[in-house]
Amino acid sequence: MGLLYQIFIDPFVQMGTAPDLFVQTLWEGMVGGVLYALIALGFVLIFKASGVFNFAQGIMVVFAALTLVGLYNAGVPAFLALGLTIAVMFALAFTVERAVLRPLVNQPDIILFMATFGLTYFLIGFGQFVFGGEPKVMITEQLYLPKGTITYKALGGVISLQKLDIAAAVIASVMVAGLAVFFSKTRIGRALRAVADSHSAALSVGISLEQIWVIVWFAAGLVALVTGIMWGARSDVSFALDVIALKALPVLILGGLTSIPGAIVGGLIIGIGEKLWEFYWGPLIGGGTDSWFAFVLALVFLLFRPQGLFGERIIERV
Amino acid sequence: MFYREAGQFKTTYASDEAIFPILQDRIGILIILAVAFVVIPAFGNDFFINAVMTPFLIFSLASIGLNLLTGYTGLLSLGTGGFMGIGAYACYKLTTIFPDVNIIVWIIVSGFFSAAVGVLFGLPSLRIKGFYLAIATLAAQFFLEWCFIRIPWLYNYNVSAAIEVPQRELFGVIITGPRATAETRYLIVLTIVTVMTWVASNIVHGRIGRMWMAVRDMDIAAELMGIRLLPTKLLAFAVSSFYCGVAGALLVFLWYGGAESTVFSINESFTVLFMIIIGGLGSLLGSFLGAALIYILPIVLRFVPPELGIPLHAATVEHITFMITGALIVFFLIAEPAGLARLWQIGKQKLRVWPFPY
Amino acid sequence: MRAPGGPEVAVGDVLLAVENVSLSFGGVKAVSDVSFDIRKGEIRAIIGPNGAGKTSMLNVINGFYQPQQGRITFKGETHAKMRPHEAASGGIARTFQNVALFRGMTALDNIMAGRTLKMHSNFFWQLLRYGPAMREEVQHRRRVEEIIDFLKIQEIRRVPVGRLPYGLQKRVELGRALAMEPELLLLDEPMAGMNIEEKEDMSRFVLDVNDYYGTTIALIEHDMGVVMDLSDRVVVLDHGIKIADGTPEGVKGNQAVIDAYLGVAH
């Protein structure tokens, strides 16, 4: 009886009696969710346009952040470093398209997926080789990102929001809105959607697959850079981020692989869900549950709706 | 010239169904076994046996396990590390609760625990396919990793959350624990791996192997032929996890001598997956070749450059290993998706007609 | 070759009947209220212009699609929906429009895979590949070799099917279906993409299967010459509706059929 109470009643009682803590947890979850969503966004971009599930998106985030910080630490002024990093991400997109995508263009999806595993490992090694493996500090001040916290007295207690997190949420929203507009309104965006639908049909109307892929991987690289900056600003820039980036996969399952709004919604659900779960139910089973909650949630979800919230139902034809 | 089938006619279906119908192949296998069982323990030094041969065999076994699931049945799994861990922890609990039972028995039994959990996490495969299934196996991996830390009963409430292997004997010879010799442990591992490889070979050449490959290649056609998908897939999960569980138990009991939860992390899952991608999906030989390449690569990198006068930090070796592994994966997927095993087959084809070009 | 078990159906009796079957996907109606029967021992052709619902009809018989309405009666038993496993174990085998062979396996293994339903040796013997498992393997290999001889594909038995030319792949696929010793064989455009010689060979095989093994055959085919030569009775579909049912000569002269093929609006 006591156990049932602990599982089904008590957490909600706690939420009610300390609403400031509840809102704080919600906020923390949302912030985490925004960052997951950003990573998922990179996946969606690449998947939408090339059908490739880019497992390396997580490491691209780390790599972008490392490059930025590494350049700065080598003496390059902050905004120049930023510009150079963007150039590096473009070079990366270009190289990946040449060295990985083009040779594998007709292979089944699972082969391309595994190729991105190889890419991930390569970038991990390369990043560590060039920049060293120790955690680094993100150059938040030099990029004029806000510091400090805003505290509210509300709901009987105190709620503190880091200004950086607010900035992150704003920047993410702007980026998502920009991408949505880009996809639906511009010529290149339309070409991207055409390529996502059918490579051969896109080719037949004269769209250059290679160009599109370079563009889209570059866009994903930019998203990765922004994500890397935001994430690196909250905690350090380290390779642990790569494992955290795996959490973007459940986000994609919830939101569907091809939907930008889905990535956002999915990210928020996962972020808030795992924080709430860990804070209110975690202590019952020993804590640390945020390492697996997202995945189990995605698994449960897959059992009932294999295509995700926003994805398309696949009808098999013989 | 040597490698010819000319003159080797099969007069019964039974002999044609043999796994090594060509005489030269059979001789080759016997030679390999002779080297493995006799030459290496007699002439190899402790370091070679303990740091190279024993782990190579253990990872080959894990690779076979994953290959059965991913290479033969087409179910991509990222939970290998977790399944290996179940085997290790199950063996630990069993031998600490029942210390008088032979440790080999417990090593094999712990495979069944892995198999059971494997079947549980394989249930979603009825509805989920391909890359989505891989995500589901990630759930298994992370959840199991969490269990290995947060369930103290598993490591007997040891303060450091690590397990230490107790000393066990077989026929009076010490085989586990710090006093067991490298040769003894190597021979035990070799025997178990040889037997299990033989069994795996039997399975994949028979009805079950065909069912698995049918499910992999075109599950709709397989279903319409009467192959029931869920039992077939669950069997694949069970057998695969069994192999990985035994490999995990061997890893801890006959090699490391102890373990903590980080030993069975997602990195293990990726390492074994890379072994079978490079070695060859759907090939038992490939499992061995891939394990050899991926496992021996960092060792080569650690020891060869200093011989050549190029000093390398240990950390740099690790970084370069990652880069080369990643590049190799991409290279193999482009050049030869069927991996080293296919290269081997092509080599054998050329050997067949040697010294003629075609 | 007769599949064991099940009620005895004499030659000429109805082996399979579909009644008022309707199938839709979302908003698209693939098959509307179609009824016809297939008699034991005959060769029944299902024809019609592209998109008529012929393959969907086969998929319903096979159990791959479940119809929203209608019933299927097979060997005297009526089902509202057929499940793939029921169809297969009841003795229905098929080939596919786009050669659904198992590409990672050799021709021999593909056909051996067709014997799966008949192989029962338990798991333990499979682990050892000895005793009952080996005996069963050899016994089924013998049967499969009979099929290989019948289809004249001896040379390619160890070739991975992905490397075979299209015509041979279709033959291997037929072999795999025959390995199930079906009572009813569904052939989905078995002659598609073949030249004249290959068509003649395949027609010969279809007739031999029907003559020698007594297998009832339902085939979807576009080549009118093949349909006229091979089939005993024909059913014609257009836009998911049955528009004719009868002997080849009778159907050939049917105005509705001619209109459907010429694309006359009706």
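How many helices and strands does chain B have? I started my notebook here, and the answer is 14 helices and four strands. A reminder to myself before going on: this is a predicted model.

**Entry: overall form of chain B**

I looked up the extent of chain B next. Along the principal axes, its C-alpha atoms fill a box of roughly 65 × 55 × 45 Å. I then checked the radius of gyration: chain B has 21 Å, and a compact globule with 358 residues would be near 21 Å, so the two agree. Of the 358 residues of chain B, I find that 48% count as buried. I also looked at how far apart in sequence the contacting residues are. Taking the contacts in chain B between residues at least 6 apart in sequence, 74% join residues at least 24 apart.

**Entry: where chain B touches chain A**

I moved on to the contact with chain A. Chain B brings 35 residues to this contact and chain A brings 39 residues. Which helices of chain B each supply at least two residues of the side that touches chain A? I noted α6 (130–150), α11 (266–279) and α13 (314–335). Of these, α13(B) gives the most, with 14 residues. I sorted the residues on this side of chain B by class and got 26 nonpolar, six polar and three charged.

**Entry: where chain B touches chain C**

Here I repeated the exercise for the other partner. The contact takes 26 residues from chain B and 31 residues from chain C. On the side of chain B that touches chain C, I listed α1 (13–16), α7 (182–205), α8 (207–217) and α9 (219–224), each with at least two residues. The most comes from α8(B), with eight residues. By class, I have 14 nonpolar, five polar and seven charged residues on this side of chain B.

**Entry: the two domains of chain C**

I turned to chain C, which is divided into domain 1 (1–91 + 182–266) and domain 2 (103–180). Domain 1 is thus written in two segments, and I kept both in view. Taken over C-alpha atoms, the centres of the two domains of chain C are separated by 26 Å. Their contact takes 11 residues from domain 1 and nine residues from domain 2. On the domain 1 side, α2 (84–90) and α7 (196–213) of chain C each supply at least two residues. I see that α7(C) gives the most to that side, with four residues. The class tally for the domain 1 side is eight nonpolar, two polar and one charged.

**Entry: two positive phi values in chain C**

Last, I went through the backbone angles. Most residues other than glycine have a negative phi. Against that background I flagged C:Asp33, with a phi near 50°, and C:Glu181, with a positive phi of about 50°. Where does C:Asp33 sit? I found C:Asp33 in strand β2 (residues 28–39) of chain C. C:Glu181, by contrast, lies in the loop between α6 (166–178) and β7 (184–188) of chain C.

Is C:Glu181 buried or exposed? I counted 20 C-beta neighbours inside 10 Å, so C:Glu181 counts as buried, the cut-off being 20 or more. C:Asp33 has 14 other C-beta atoms within 10 Å, so I wrote it down as partly exposed.

Key: Residues are numbered from 1 along each chain as its sequence is written. Chains are lettered from A and ligands numbered from 1 in the order in which they are written. This is a predicted model: local features need pLDDT of at least 70, side-chain atom pairs count only at pLDDT 80 or more; totals for chains, interfaces and linings use all residues. A residue is buried if 20 or more other C-beta atoms lie within 10 Å of its own, exposed if 12 or fewer, and partly exposed in between; C-beta atoms are placed from the backbone. Two residues are in contact if their C-beta atoms, placed from the backbone, lie within 7 Å. Ala, Val, Leu, Ile, Met, Phe, Trp, Tyr, Cys and Pro count as nonpolar, Asp, Glu, Lys and Arg as charged, and the others, Gly among them, as polar. Domain bounds come from an automatic or database domain assignment. The radius of gyration is taken over C-alpha atoms; the globule rule is 2.2 Å times the number of residues to the power 0.38.
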